[in-house]
Amino acid sequence: MTVHLTTPVSELWKVGKVTAERLKNLGIETVLDLLLYYPFRYDDFSQTVAIKDLRPDMAVTVKGEITHIANKKSPRKRTSITEATVQDDIGDTISCVWFNQPYLTQNIPPGTQIALSGTPEFGYHNTLQFTSPQYEKIFSQKSIHTGRLVPIYGSTSNLTQKQIRFLIQTAMEAVSEITEWIPEKTRKDFKLIGRQEALKEIHFPTDTPSLQQAEQRLKFEELFLLQLRSQHIRNQSQKRAAKKILFHEKEIKKFVTSLPFELTQDQRKSSWTIIQDCEKETPMNRLLEGDVGSGKTVVAALAMLNCALSNAQAVLMAPTEIVARQHFQSFTELLSNKKSSDVPIALLTRSEHRLSVKNKAFTKQEVIDAIGDGTAKIIIGTHALIQESVSFSDIRLTIIDEQHRFGVDQRKTLKNKTDGIPPHFLSMTATPIPRSLALTVYGDLDISVIKEMPKDRKPVITSVVHPGDQNTTYEFIRANTKNGKQTFVICPLIEESDTLGVTSATQEYEKLSKEIFPEYTVGLLHGKLKPIDKQKIQEKFASGVIDILVATSVVEVGVNVPNATIMMIEGSERFGLSQLHQFRGRVGRGKDQSHCFLLTESYSPETKNRLQALVQTHNGFELSQIDLEQRGPGDLYGNRQSGLPTLRIASLTDTHLIEQTQKAAQQLFKQDPTLRKFKKLKNLLEEFEKKVHLE
Ligand code: ADP
Ligand code: MG
């Protein structure tokens, strides 16, 4: 039978129902899938030695003939043991054992020419022996399991390495059908080997240098495709005209001088860039990245005010009701100082609606109407804004706070509310992501970073607390509360089923309110409360009625209470560093010295090192880089879906390669914006578009 790339694996020799099912679990259904199932590491058995030269603990291959092979039972009769002797050309022998493979006596009877790969060790009688070595009969054909760099495949769903290797070897018969899609010039510029060769070498490498070339090529191709996609999206959006927003210089300068603080350099710089972007007739697509508390809100306010001054609408979408309300409050405060013209600001969430004109109460419908007829210029809200019943009059600027919490579809819906003319788009995130990751995940966006914190901030003093020292922490909180300061307590989600963190937070709340701080007011905030109750508790904390607020990690975002100076995190080892850093950012917002206590029952060195990083550094970018390297990209976003790309072979820490592929993708689009000359690549991109929905 001829094997093609499209041949279903179930039609391959030796693949029955069970094996086909197991392969399917690995996402392998066709021969092509097999070829694209890359090994995750290699055993280096490329060194073939004579038996007399064997040394313990050295991974090698020996070749020889089976001179004896027999099965016996272990003393307890549970295990079957196969013992064999192998003799090489020179006449030296070595013994081998395998467990629970009695059929080996049939498979490799005396007289079989065999290659063994493994690491010999001292057995009985202090002689070297092989325990469960890889073995392979020697035919004239090339070996696949021994005597080479042997591929080891990842999670193999009950398939043996031998089975997979065998199947991939079969699949190799179709490798000549693999087509090249990276343009020749790009391949030359970046010294990439061809696709067929790379696939051959990645599975059955000739030697280490060839393997490295194959890895390089396949990593490049993977990242290149992501970058091409980003460039494609960017190109598409640049083709569409946007309505420009003029810079109302005088008014904006007045606004800036009216602020109760001076803007930091980074705030100025990003505000300026955003204003310039909005003056263009192509839509802005920008990400504003800045640590918690770095002051992104005022930058957003400035851009939105500038838009409102053009008599157009600006929308800010927040991830939760609490955050939306807080933005509304900050905005009304910030803009009321401005004295000049009054800009009507609307708030719309599921349970709240407000309009900042004439100190009057409005019905929900009135607020919706004010948004629809253009009376409201600055509109702040949650998902409620993208409901069908809400329409806008003239959106020119859309801002999304904490963008990774919104799906692509929600973003699209918001864009569709603008009658086809795309608004300028700004996305804000407090998750400082390493550059490599930003380029991959947000490759279609321009990036502005606020690195510098406002001047009056004191770094939060952070310490790790083990159960024995917990009382000291409680006493510290007691003294602090006596002085009128407030405390946050964050609880992790302990049980998988407890997705809203009700159980753990409730337990903690009971303990703190009844046993530890009965004299103070303790509040509880978790995901199962009704929005209206969440709001009440939030307000009580903000106004100082609640001294100590116990909250789950689910409701952590964006709360601003400058009088809160202590952050205590239970089970801190369960969180990623970036997430812990975000929690910590909830305190240290006022002038007073703040403290963060990382509670943990774990004494493992790994936990110690990770938490120690948080004690030592206050730079979110450094912490996220550590997270990325140690725990992978998923953790940077807590436990939410983040739209990270799944990579087969490249890694999001391959910064250099990511930069290279971005350059290559930019070059290509510059040379041929419609990819007319690169049909194959264009098709591939369209396929990819259909399959993958990246954020
Ligand atoms: P985030 O970037 O986390 O959204 P915010 O915009 O909520 O941060 O700002 C946090 C706090 O810092 C707010 O109380 C805000 O008024 C204050 N703030 C912002 N910029 C400055 C500044 N340049 N100087 C002093 N305080 C500032
Ligand atoms: Mg914010």
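**View 1. Phe166 is partly exposed and shares a tilted ring pair with Trp13.** At 26% relative accessibility, Phe166 falls in the partly exposed class, while Trp13, at 63%, counts as exposed. (Buried means under 20% relative accessible area, exposed over 50%, and partly exposed in between, with a 1.4 Å probe and protein chains only.) This is a predicted model, in which local features need pLDDT of at least 70, side-chain atom pairs count only at pLDDT 80 or more, and totals for chains, interfaces and linings use all residues. Residues are numbered from 1 along each chain as its sequence is written, chains are lettered from A and ligands numbered from 1 in the order in which they are written, and side-chain values use heavy atoms, leaving out hydrogens and water.

The structure has eleven aromatic pairs. (Rings of Phe, Tyr and Trp, the last by its six-membered ring, pair if their centres lie within 6.5 Å; planes under 30 degrees apart are stacked, over 60 edge-to-face, and the rest tilted.) The centres of Trp13 and Phe166 are 6.0 Å apart and the planes meet at 55 degrees, so this pair is tilted. Trp13 sits in the segment before α1 (17–25) and Phe166 in helix α4 (residues 161–171), 153 residues apart. (Helices, H or I of at least four residues, and strands, E of at least two, are DSSP runs numbered from the N terminus.)

**View 2. Trp181 and Phe224 make a stacked pair.** Here the centres are 6.0 Å apart, with 10 degrees between the planes. Trp181 belongs to the loop between α4 and α5 (184–189), and Phe224 to helix α7 (residues 208–239). Both are buried: Trp181 at 8% relative accessibility and Phe224 at 0%. Ring pairs link these two with Phe190 and Phe220 into a cluster.

**View 3. Two lysines lie over ring faces.** Lys14 is over Phe166, 5.2 Å from the ring centre, and Lys162 is over Tyr135, at 3.2 Å. (The rule asks for NZ of Lys or CZ of Arg within 6 Å of the ring centre and within 35 degrees of the ring normal.)

**View 4. Eight strands form an open, mixed sheet.** Look for the order β13-β12-β14-β11-β15-β16-β10-β17, with β13 (353–355) and β17 (446–450) as the edge strands. (Strands pair if DSSP finds at least two bridges between them.) Inside the sheet, β15 (residues 395–401) and β16 (residues 424–429) pair in the parallel sense over five bridges, and Ile400 has Ser427 of β16 as its bridge partner.
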